[in-house]
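User: Hi! I am new to reading protein models and would like to know how the labels follow from the values. Could you take me through this one?

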Amino acid sequence: MKLQRNRLRALSLGAVAVTGALVLTACGSDDNSADGNDSGKKDSAAPSNIKCEDAKGQLLASGSSAQDNAMQAWVKAFQEACSGVEINYSPDGSGAGITKWLQGTTAFAGSDSALDEAETADSKKVCKTGQGINLPMVGGPVAIGYNLSGVDNLVLDADTIAKIFDSKIKKWNDPAIAKLNPGVKLPATEIQAFHRSDESGTTQNLGKYLQAAAPKSWKYEPDKAWAAEGGQSASGSSGVASQVKSTDGAIGYFELSYAKSNNIPAVKVETGASQPVEATTDTASAGIAAAKVVGTGKDLSLELDYKTKADGAYPIILVTYEIVCDKGNKADALPTIKSFLNYTASEEGQKILSDAGYAPLPDEIATKVREIVPTLA
């Protein structure tokens with residue numbers, strides 16, 4: 001089906017952790033000095049877990065903007081440790097990243113949704129002797145950010161979020177919103193809902209949440225392309241965040257780090273738990289804790305629980321995967337792919353996530369990723 005085929009074209013992490021939702025812009029401004037190295041020799045003074053081995057030359061990758069801040073931090077540390085290596089990651093969005101990888105123009109793709117059946121089938125053309133697999137590496141909460149004069153504490157539930165983004169609730173003082181926010185003076189401001197204009201795994205994960213938690217109000221199949229009518233669009237998480245920040249009455253969705261870097265307040269979500277849940281690294285980790293590995297063989301795609309009602313568990317979560325061939329990777333790129341992904345999945349690589357506003361993979365998932373990366377061929 002077309003929807004199924006588009007599903008990934010173009011965050012724990014399961015479980016306990018992958019959080020952070022993610023990304024600022026493509027800035028890579030995090031302080032990673034603890035992992036840096038001025039040595040001109042490969043591995044001579046590099047952090048113990050960065051093993052450059054035969055890594056060399058330039059590696060091209062693209063995809064999820066959600067993981068871009070983490071990726072830039074990883075690239076910085078890796079390149080400082082491994083002289084002569086250049087890794088270029090372009091945060092074009094999950095859909096575009098998958099498309100480029102399936103065309104054979106990049107060494108790996110970053111995506112906030114796992115490959116679907118059609119994409120996995122297509123990957124056999126690129127991988128030749130194998131197929132694409134999903135390796136979870138980053139994850140976190142999708143924040144529902146808003147800009148509403150005089151309101152700095154807002155609670156919404158899945159049903160109201162769905163109706164807002166489907167243009168069914170049009171003013172901020174709508175009775176449904178007022179009921180969730182007793183005592184809050186809500187203005188009659190028109191709601192300006194912003195969504196992604198590009199194909200995005202963040203969009204798809206929001207759709208999965210709304211379909212699972214508000215099935216009566218959200219009738220659209222989760223897809224990377226925005227399905228609902230109405231609203232306004234912007235490119236990338238940074239574009240949506242920028243529009244929300246500059247527009248009174250605006251609401252949008254993006255990874256948590258965009259909300260934090262732009263000082264945009266985020267909605268607390270009423271899930272049925274004892275208290276509405278705030279989007280944080282810890283609450284996203286709790287939300288991802290119930291994730292299950294549903295991939296087979298070397299594939300580690302995860303199934304997330306978007307309907308959780310556990311106290312302190314944030315439900316709008318995503319996992320970002322690095323997508324590579326299990327076999328059939330380009331010979332000249334393979335050593336660098338393995339060396340870099342070995343580092344990102346390592347304990348030291350995962351520690352960088354906390355500094356960049358994400359959360360490390362849970363041990364059980366990280367261990368599986370670390371076992372698989374060395375077997376790539």
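Analyst: Happy to! Let us start where two helices meet: Tyr343, Thr344 and Ala345 in H11 are in contact with Glu347, Glu348, Gly349, Gln350 and Ile352 in H12. Please keep in mind that this is a predicted model.

User: What makes the residues of this contact nonpolar, polar or charged?

Analyst: The contact divides into three nonpolar, three polar and two charged residues. Ala, Ile and Tyr belong to the nonpolar types, Glu to the charged ones, and Gly goes with the polar ones.

User: Why are H11 and H12 called oblique to each other?

Analyst: Helix H11 covers residues 334-345 and helix H12 covers residues 347-355, and they pack at an angle of about 60 degrees with their axes 4 Å apart. Roughly parallel needs an angle under 35 degrees, and roughly perpendicular runs from 65 to 115. The angle of about 60 degrees fits neither range, so the two helices are oblique.

User: Which residues does tryptophan 74 touch?

Analyst: Leaving out residues up to four places away in sequence, tryptophan 74 touches several residues of that helix contact, including Tyr343, Thr344, Gly349, Gln350 and Ile352. Glu322 is also one of the residues it touches. In the largest nonpolar core, which has 106 residues, Trp74, Ile144 and Ile251 touch the most other members.

User: How do you know that glutamate 322 is buried?

Analyst: Its relative accessibility is 1%, and buried means under 20%, so glutamate 322 counts as buried. Glutamate 322 sits in strand E12, residues 317-325. Among the residues it touches are Gln67, Met71, Trp74, Phe108 and Gly110. The C-alpha atoms of glutamate 322 and glycine 110 are separated by 4.7 Å, although the two are 212 residues apart along the chain.

User: Why is the pair of phenylalanine 165 and tryptophan 226 called edge-to-face?

Analyst: Two values decide this. The ring centres are 5.9 Å apart, and the planes stand at 70 degrees. Rings pair if their centres lie within 6.5 Å, and planes over 60 degrees apart count as edge-to-face, so both conditions are met. This pair links distant parts of the chain, with phenylalanine 165 in helix H5 and tryptophan 226 in the loop between helix H7 and strand E7, 61 residues apart.

User: What makes phenylalanine 165 and tyrosine 253 an edge-to-face pair?

Analyst: You can apply the same test here. The distance is 5.8 Å centre to centre and the planes are 75 degrees apart, which passes the 6.5 Å limit and the 60 degree mark. Tyrosine 253 lies in strand E8, so the pair ties together parts that are 88 residues apart in sequence. Ring pairs also join Phe165, Trp218, Tyr220, Trp226 and Tyr253 into a cluster.

User: Are these rings buried or exposed?

Analyst: Phenylalanine 165 has a relative accessible area of 3%, tryptophan 226 has 16%, and tyrosine 253 has 0%. Each value is under 20%, so these three residues count as buried.

User: Why is serine 167 called partly exposed?

Analyst: Its relative accessibility is 26%, which lies between the 20% and 50% cut-offs, so partly exposed is the label. Serine 167 lies in the loop between helix H5 and helix H6. Serine 167 also has a positive phi of about 60 degrees although it is not a glycine.

Methods. Residues are numbered from 1 along each chain as its sequence is written. This is a predicted model: local features need pLDDT of at least 70, side-chain atom pairs count only at pLDDT 80 or more; totals for chains, interfaces and linings use all residues. Side-chain values use heavy atoms; hydrogens and water are left out. Axes are lines fitted to C-alpha atoms, for helices over the stretch in contact, and angles run from 0 to 180 degrees between N-to-C directions. Angles under 35 degrees count as roughly parallel, over 145 as roughly antiparallel, 65 to 115 as roughly perpendicular and the rest as oblique. Contact means heavy atoms within 4.5 Å. A nonpolar core is a set of buried Ala, Val, Leu, Ile, Met, Phe, Trp, Tyr and Cys residues joined through side-chain atoms within 4.5 Å. Buried means under 20% relative accessible area, exposed over 50%, partly exposed in between (1.4 Å probe, protein chains only). Rings of Phe, Tyr and Trp (its six-membered ring) pair if their centres lie within 6.5 Å; planes under 30 degrees apart count as stacked, over 60 as edge-to-face and the rest as tilted.
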